[in-house]
Amino acid sequence: MSHGAVAAAAAELEVPNPKPSLAFDDDGRPLRTGTVWTASAHIITAVIGSGVLSLAWGVAQLGWAGGPAAMVLFAAVIYYTSTLLADCYRSGDPLFGPRNRTYIDAVRSTLGDSKERLCGAFQLSNLFGIGIGVSIAASVSMQAIRRAGCFHFRGHQDPCHASPSPYIAVFGAMQMVFSQIPDLDKVWWLSTVAAVMSFSYSTIGIGLGIAEIISHGGPRGTVAGVFASSSAATSMQKVWRSLQAFGNIAFAYGFSIILLEIQDTLKSPPPSEAKVMKRATAVSVAVTTVIYLLCGCVGYAAFGAAAPDNLLTGFGFYEPFWLLDVANAFVVVHLVGTYQVMTQPVFAYVERRAAAAWPGSALVRERRVGGFAVSPIRLVWRTAYVCVTTAVAMLLPFFGSVVGLIGAASFWPLTVYFPVEMYIAQHRVKRGSRRWLGLQALSAGCLVVSVAAAAGSIAGVLEELKAHNPFCWSC
């Protein structure tokens with residue numbers, strides 16, 4: 001059965017209800033309760049996470065001129081394309097048109113089955129990659145808690161080695177439990193807690209960076225960033241790392257792939273879900289950009305060319321060790337929520353296909369187990385998915401390079417190309433017109449950035465693989 005046929009079959013399971021009741025929306029589903037604030041919390045949870053910790057390293061590669069400019073440029077592009085994507089939630093009438101509950105649904109209804117299959121491959125593979133990146137980031141923070149205590153009691157000269165693999169396994173075990181939460185609308189409380197955590201550890205990182213700047217009498221860094229002639233980088237490393245920095249920034253802003261899934265949690269009109277989502281996107285992008293500029297610029301000013309690829313775990317800071325522990329514990333709590341926000345669309349996609357293929361079977365029927373509603377397909381599929389992301393994270397525990405590659409791979413196709421193409425199709429933008437040429441130029445420019453950033457990130461992964469033994473848990 002084709003993707004389009006499966007999606008159509010799944011849609012038939014939802015009984016249309018053009019007159020919403022007190023308990024159900026116009027598509028027959030339980031009444032949605034999301035607001036601009038819950039949507040903002042979901043976005044902030046998805047965005048301000050592992051990516052923010054690598055921004056100081058990114059600014060160090062690009063320098064005072066390129067680093068902040070790149071962040072502002074990425075923010076502007078992502079906000080603009082997100083507004084285009086928000087209009088795709090309903091087909092036709094923005095208040096009462098048929099809902100496109102997922103990104104893939106919107107592509108199918110606007111661009112057809114062939115583009116839907118292409119989009120599905122990009123979206124699901126990138127959400128899978130983000131799950132891996134989040135697992136790595138969480139394990140690095142758990143590992144840093146142990147190392148901070150070691151450095152405090154044994155001294156900074158002690159290597160305090162610790163493998164990330166056991167911590168990745170612990171994080172995976174936690175996600176096996178949380179992954180049984182039925183859908184994204186049910187994790188609003190986890191997103192709210194995670195958003196608070198993200199503000200907290202970002203503030204701690206900024207505060208420690210300011211203290212470091214004061215301690216050595218002023219900011220470090222140069223306009224052009226790390227020099228190729230310095231001991232920090234050879235000429236080729238300078239090129240590859242500068243390109244990887246673009247991927248890291250793109251990863252830090254990567255929420256477009258779940259924008260429509262978040263939009264599907266919003267209350268029914270009026271106002272339209274698109275208007276509410278655009279407000280939530282504006283709030284979220286503005287808040288995250290300010291935090292990103294502070295984290296990236298303060299981190300670079302504190303460490304200069306030696307800025308670590310993870311601000312809280314690279315041990316530019318050693319004391320107060322307890323504050324580092326608190327910040328990294330906040331990171332772990334936040335990333336528990338990020339993993340769920342980013343993987344719930346993958347879970348839902350497979351389970352909707354299963355429900356369409358085997359309607360009413362015991363495989364998809366829910367049963368109450370304590371506080372959870374569990375079905376056999378949900379229990380087996382979600383547990384297997386978590387196991388796979390955990391295993392891959394153990395094999396490639398390279399925070400900076402992996403997040404750069406994920407960001408580069410998802411930026412052009414999912415953040416720019418599909419939203420632009422859907423906007424052109426929906427609004428019937430005339431081929432060759434000024435508007436059409438501008439949108440195509442934006443898409444082409446972002447494609448070049450994505451390819452270059454992916455090349456830099458792949459070079460980083462290959463460099464780190466030379467010194468990594470995934471089977472040594474004590475290394």
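**Exercise 1. Get a feel for the whole chain: which share of its contacts joins residues 24 or more positions apart, and how is the chain built?**

Start with contacts, meaning heavy atoms within 4.5 Å. Among contacts in the chain with a separation of 6 or more, 80% are between residues 24 or more positions apart.

A quick word on what you're looking at: this is a predicted model, where local features need pLDDT of at least 70, side-chain atom pairs count only at pLDDT 80 or more, and totals for chains, interfaces and linings use all residues. Residues are numbered from 1 along each chain as its sequence is written, and side-chain values use heavy atoms, with hydrogens and water left out.

Next, the secondary structure: there are 14 helices and two strands. Helices (H or I, at least four residues) and strands (E, at least two) are DSSP runs, numbered from the N terminus.

Then look at burial. Of the 475 residues in the chain, 55% are buried, where buried means under 20% relative accessible area, exposed over 50%, and partly exposed in between (1.4 Å probe, protein chains only).

Last, the surface: its accessible area is about 19200 Å², and carbon and sulfur atoms hold 69% of that. Such areas come from the Shrake-Rupley method with a 1.4 Å probe; for residues, only the protein chains shown count as cover.

**Exercise 2. Find the aromatic partner of Tyr103 and describe the pair.**

First, the rule: rings of Phe, Tyr and Trp (its six-membered ring) pair if their centres lie within 6.5 Å; planes under 30 degrees apart count as stacked, over 60 as edge-to-face and the rest as tilted. That gives twelve aromatic pairs.

Now pick out Tyr103: its partner is Phe418, with 6.5 Å centre to centre and 90° between the planes, so by the cut-off the pair is edge-to-face. Tyr103 sits in helix α4 (residues 103-111) and Phe418 in helix α13 (residues 399-427), so this pair, 315 residues apart, links distant parts of the chain.

Check the burial too: Tyr103 has a relative accessible area of 0%, and Phe418 is buried at 0% as well.

Another pair is Trp412 with Tyr417, which is tilted, at 5.0 Å centre to centre and 40° between the planes. Trp412 counts as buried at 18% relative accessibility, and Tyr417 is buried at 18%. Put together, ring pairs link Tyr103, Trp412, Tyr417 and Phe418 into a cluster.

**Exercise 3. Walk along α4: which residues are buried, and what follows the helix?**

Buried in α4 are Tyr103, Ile104, Asp105, Ala106, Val107 and Arg108. After the helix comes Gly112, with a positive phi near 100°.

For another positive phi, go to Arg428, a residue other than glycine with phi near 50°. Arg428 lies in the loop between α13 and α14 (434-465), and at 71% relative accessibility Arg428 is exposed.

**Exercise 4. How many disulfides does the structure hold?**

A disulfide is a covalent bond between the sulfur atoms of two cysteines. Here the test is a pair of cysteine sulfur atoms within 2.5 Å, and the count is zero.

Take Cys295: the nearest cysteine sulfur belongs to Cys297, 9.8 Å away, so by the cut-off Cys295 is in no disulfide. Cys295 is buried, with a relative accessible area of 4%, and Cys297 is buried at 17%.
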